[in-house]
Amino acid sequence: MQKMSGLDLQFAVAELAHLQGKRIAKIRRTASGVFLFKIGSEEILFEPGVRLHLTRQSLQATDAPDSFVGFLRKNLEGKTAATIQQYGNDRIVEISAKSKERLIFELFRKGNLILAGEDGTIYACLLKEEAGGRKISRGEKYAYPKATGFELKTPEKVAFVVQENEKGEPVSYSLDKALGGKEFATFSEAADFYYASQKEE
């Protein structure tokens, strides 16, 4: 299964800009571990370590939320998403609430989801981890990974395309129009189409 790159994320986040200033209405999680955040009337899908984009897929959430989802609901539902931004070129997206809480989505390695305060103190995290001089755990201060200086290369002609096999099944997606494939109006629509047919690895 293809994982989103920093460049993919740049286009996905641009499509979330209109949700800034809208209310975080509902937080859900599916049995397979996919998170759904309803902001305004639209839904953001987050699959840790794989993808983050707007979705129109109708996914079934678990009947009873786990303690992590319960904590996110208690602290974020009903609050306003003030800003939604990508951190540099990294595979990190941050939603800051008007009330100053920070929800941090990490898409590298296994991925992570972290709720922190304005000063960076971690209130809760999906996964506790220690790597690259960072410690992700409740009560620790959140630190971004060390900068790599990696530059994103945008294709000459950008298009949101999904490549299919001879059976018409999606096998990959790209931002490069030159690669051809089924074209979509937005990155999120292309991602929805591609991932909906992928089997979990």
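This is a short talk about one helix, one sheet and how they pack together.

Okay, hi everyone. One thing before we start: what you see above is a predicted model.

Let's begin with helix H1, which covers residues 6-14. Is this helix mostly buried or exposed? Well, seven of its nine residues are buried, so the rest of the structure largely encloses it. If you want to find those buried residues, look for Gly6, Leu7, Asp8, Leu9, Phe11, Ala12 and Val13.

So what covers them? Quite a list, and it includes strands S4 (51-55), S5 (80-86) and S6 (92-97). Also on that list are strand S12 (158-164), strand S13 (170-176) and helix H3 (187-196).

Hang on to S12 and S13, please, they come up again now. A quick reminder for the newer folks: strands in a sheet pair through backbone hydrogen bonds, and the pairing can be parallel or antiparallel. Here we have an open sheet of three strands, ordered S13-S12-S14, with antiparallel pairing. The edges are S13 and S14 (182-184), each of which pairs on one side only. On average, neighbouring strands in this sheet are turned by 30° against each other, ignoring direction.

Zoom in on S12 and S14, and you'll find three bridges in the antiparallel sense. For example, Val161 has Glu183 in S14 as its bridge partner.

Now back to our helix. H1 packs on this sheet and touches S12 and S13, with its direction at about 75° to that of S13. H3 packs on the sheet too, touching S12, S13 and S14, and its direction makes about 160° with that of S13.

That's my tour, thanks for listening!

Technical notes: Residues are numbered from 1 along each chain as its sequence is written. This is a predicted model: local features need pLDDT of at least 70, side-chain atom pairs count only at pLDDT 80 or more; totals for chains, interfaces and linings use all residues. Side-chain values use heavy atoms; hydrogens and water are left out. Buried means under 20% relative accessible area, exposed over 50%, partly exposed in between (1.4 Å probe, protein chains only). Helices (H or I, at least four residues) and strands (E, at least two) are DSSP runs, numbered from the N terminus. Contact means heavy atoms within 4.5 Å. Two strands pair if DSSP finds at least two bridges between them. Axes are lines fitted to C-alpha atoms, for helices over the stretch in contact, and angles run from 0 to 180 degrees between N-to-C directions.
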